[in-house]
Amino acid sequence: MRTIRDGARMGNIQENWVVRLYYGTGSDYIEFCDTTISTPSSNALPIITDIGSIRESLDLASCTSKISNLSVTLANIKIDGTLASELLSETDTAAGVFMNHDVMVRSYLNGNFANVQTVYTGRLRGISWTAAEVQLDIEPNQPWDFLSIPNVQADSGRYFPVVYGDYTANTSTPGSEALCASLALWPVEIDTRTGGESFGLVHQSIASGGELHFYEESTDSLVPVTDSSDATTDASASYRGGYAMPAPTLFRHAWKFKAEQYEGSETNDFTDPHKATDYKRQADTIYTYAYDVLTVSPGSGDIGILPLNFPRLSLKMTGVYTVTVVWTATASSGTPTGTMQISASDSSISGTTNMNVGGGQQSYTFTGGTTGDAPPEWIKIRAAGAFYTGGTVNITVRIWDVIITTEVEIDTSGDATAQARAIEGVDTLYCGSDGFAKSWSSGACDTIQEIHRDMLIRFAGLSTSTPDGYAALDTARSGWSGRLWLHAPEELRKVLERLQYEGQFVFAWASDGDPKYIYVKSSYSSGDVSATITPGRDTSAIQYSLTPFSDIVSKQELKYERHPADDSRYLSAYTKTNSARGNFNFDSLENIEQIELDYLVDSVASHATITDLVFGAPKRLISCELYRPELFTIETGDIVQLENDAIYYMITDVTRSQGKFTVKAREVG
């Protein structure tokens, strides 16, 4: 097909718009054109008395795009014996319905009716009329209109969730306890409880790796739920219109964790005692230590006391717990001896082991008994020197780690009502199985742009064909991993727009109705330029301006990686300050943007870099009317340059009416 660039040249502009209305099965149509122009085809009826303008825009701050409605006025004359108002308002399907069917507006320039460009696509959403005129209201076709996700319900009314992303389950069972360091899991809502099992709704069939986890708030850990034989259930089952993952209802689980620094008035002889326990979910690798240097005289004496809080556990301990202490002890001279001792607030644990001074790193596991419904309030580690006849020496004791293991479950010793109440109180578990795979090919769907595209296909019915600009975007955002879970309906449009913002791209529609992805690159070259514009020859007087200072983001404080058990918490943070912030006379708290990223979990620094590139300093804005018809093919997202100007501008606003074409653009490179 020839394009406008083939036939349009400088000179007086005559542009004719033809409106095509589809009806019936969607392949049949009728065309209308302006009463003041020559008929571009034998099928077009010249009854348009007025036609509005079309505006397309994109907002790089929110990463959204908009297309305006279009109003068309027709003369209400008879068409094949039927008034236009009666024909177009027909609701009898046998006769062919126009309402809510596709509309296409095509442009013909300078009387060249073989040279056509589609400038608008939409649907006929409204019609009104008088005896003389028919008013058509045409809206852009947005496939996500009126859609919410998730949209599949179980019999209970709860929704099977929507889940995307790459997740990591923990592995820990009684007898093989582990530090459950991963919080990269998603919440699972319990739907029913029967036969000793609780069933949580999941997004798809899970063959393995889906074992449900219990959240222990005091240790901030997600721990796999096991049955009485220490096994986990990791495969889903068909369930009431979807899938569910079962878990034993007593929610038995066992894991390792670290004690906490004691907050009471107990004597604490160690310097930096908080270092002795590293972090609750930190891996077993030992990084730091609490230390002390005290003088030991002949006879025995305390070297140091380290009291630690025992975290409050959610359920009842079902067996013994253990405390493993790791330490080193060195002496300034001689070979004194010592002991490492432990005791608990409730006397459930008490023990002593020899401390080999000068013997390198040592560890010992002390075993305590269950004390009913609650663990001890605190445990106390005491390092003591033994009798030494060599005189006074200095001994340095360093406690490198204190690790606790325990096992808990719902208390079955009380009455049935209390037990049932405790079980009902657990309404959410957590799963480490991955989210949906790609709809258009195989493999994981775990980057922000992949999730966005899959939603359009899976929930809005878009084609699996690759949209314009997607391949380049996919390369540019290859490391931008995301995790998303939804359990209650949200507007699909809002979810898509949030993904666009967090992925720093815009989804839009080309004038011919095809989908496209737009994004700001880190740098541009001549190959990115759609058109070079000569001011004066090609344009009206160009209006120049700078972005207002209220739009400048000179510092970003980002929170990301949403906590699966607490929507108000984020696990990670990142701050980026624009290097030119001091040049603009900002006060210390001015133009700082605090950003919460709900879905993005990686490449947050890259996200901040793109925002800084576009909004970190004042940028040039231009607006003008274009006179050269071959420039009428420009669309939002296109990159243009002005002749003899090295700046790259992105088109952010296009307004067109018959014979008139105006644009706005902003500096991006």
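These are my notebook entries on a predicted model of a protein.

**Entry 1. Overall form**

I began with the secondary structure and counted 7 helices and 44 strands in the protein. I then looked up the radius of gyration, which is 35 Å, well over the 26 Å that the globule rule gives for 669 residues, so the protein is more spread out than a compact globule. Along the principal axes, I find that the C-alpha trace spans about 115 × 65 × 40 Å.

**Entry 2. Burial, contacts and surface**

I asked what share of the 669 residues is buried. The value is 50%. For contacts between residues at least 6 apart in sequence, I note that 72% join residues at least 24 apart. The exposed area of the protein comes to about 28600 Å², and carbon and sulfur atoms supply 45% of that area. I also looked up the charged side chains: 49 are positive and 83 are negative. The centres of these two sets lie 5 Å apart.

**Entry 3. Strands 3 to 6 and strand 11**

I turned next to strand 4 (residues 54–59) and strand 5 (residues 64–67), which run antiparallel and are joined by 4 bridges. Within this pair, Asp59 is opposite Thr64 of strand 5. The two strands form a hairpin with 4 residues between them. In its turn I marked Cys63, whose phi is positive at about 60°.

Is strand 6 (residues 70–75) mostly covered or mostly uncovered? I find it mostly covered, with 5 of its 6 residues buried. I recorded two antiparallel pairings for strand 6. With strand 3 (residues 44–51) there are 3 bridges, and here Ile51 has Val72 of strand 6 as its bridge partner. With strand 11 there are 6 bridges, and in that pairing Leu70 stands opposite Ile138 of strand 11.

**Entry 4. From strand 11 to strand 13**

Following the chain, I reached Gln142 in the loop between strand 11 (133–140) and strand 12. I had to decide whether Gln142 is buried or exposed. Its relative accessibility is 16%, and the cut-off for buried is under 20%, so Gln142 counts as buried. I also took the distance from Gln142 to Arg123: the two residues are 19 apart along the chain, and their C-alpha atoms are separated by 9.3 Å.

Where is the cis peptide bond in this stretch? I located it between Ile149 and Pro150, with omega at about -5°. Pro150 belongs to the loop between strand 12 (148–149) and strand 13 (162–164). I made a note of this bond because most peptide bonds are trans.

**Entry 5. Strand 19 and its partners**

I examined strand 19 (residues 242–248) and found 6 of its 7 residues buried, so this strand is largely enclosed by the rest of the structure. Which strands pair with strand 19? One of its partners is strand 15 (residues 197–202), in the antiparallel sense over 6 bridges. Strand 18 (residues 237–239) also pairs with strand 19 in the antiparallel sense, over 3 bridges.

I checked the residues at these bridges and met Ala244 of strand 19 in both pairings. Ala244 is the bridge partner of Leu201 and also of Ala237. Strands 18 and 19 form a hairpin with 2 residues between the strands, where Arg240 takes a positive phi near 50°.

**Entry 6. Positive phi in loops**

Most residues other than glycine have a negative phi; I therefore listed two loop residues that depart from this. Asp230 has a positive phi near 70°. I place Asp230 in the loop between strand 17 (221–224) and strand 18. With 30% relative accessibility, Asp230 counts as partly exposed.

Asn591 also has a positive phi, of about 55°, although it is not a glycine. I find Asn591 in the loop between strand 39 (566–577) and strand 40 (592–596). Its relative accessible area is 22%, and Asn591 is therefore partly exposed.

Conventions. Residues are numbered from 1 along each chain as its sequence is written. This is a predicted model: local features need pLDDT of at least 70, side-chain atom pairs count only at pLDDT 80 or more; totals for chains, interfaces and linings use all residues. Side-chain values use heavy atoms; hydrogens and water are left out. The radius of gyration is taken over C-alpha atoms; the globule rule is 2.2 Å times the number of residues to the power 0.38. Buried means under 20% relative accessible area, exposed over 50%, partly exposed in between (1.4 Å probe, protein chains only). Contact means heavy atoms within 4.5 Å. Accessible areas come from the Shrake-Rupley method with a 1.4 Å probe; for residues, only the protein chains shown count as cover. Lys and Arg count as positive and Asp and Glu as negative; His and the chain ends are not counted. The place of a charge is taken as NZ of Lys, CZ of Arg, CG of Asp or CD of Glu. Two strands pair if DSSP finds at least two bridges between them.
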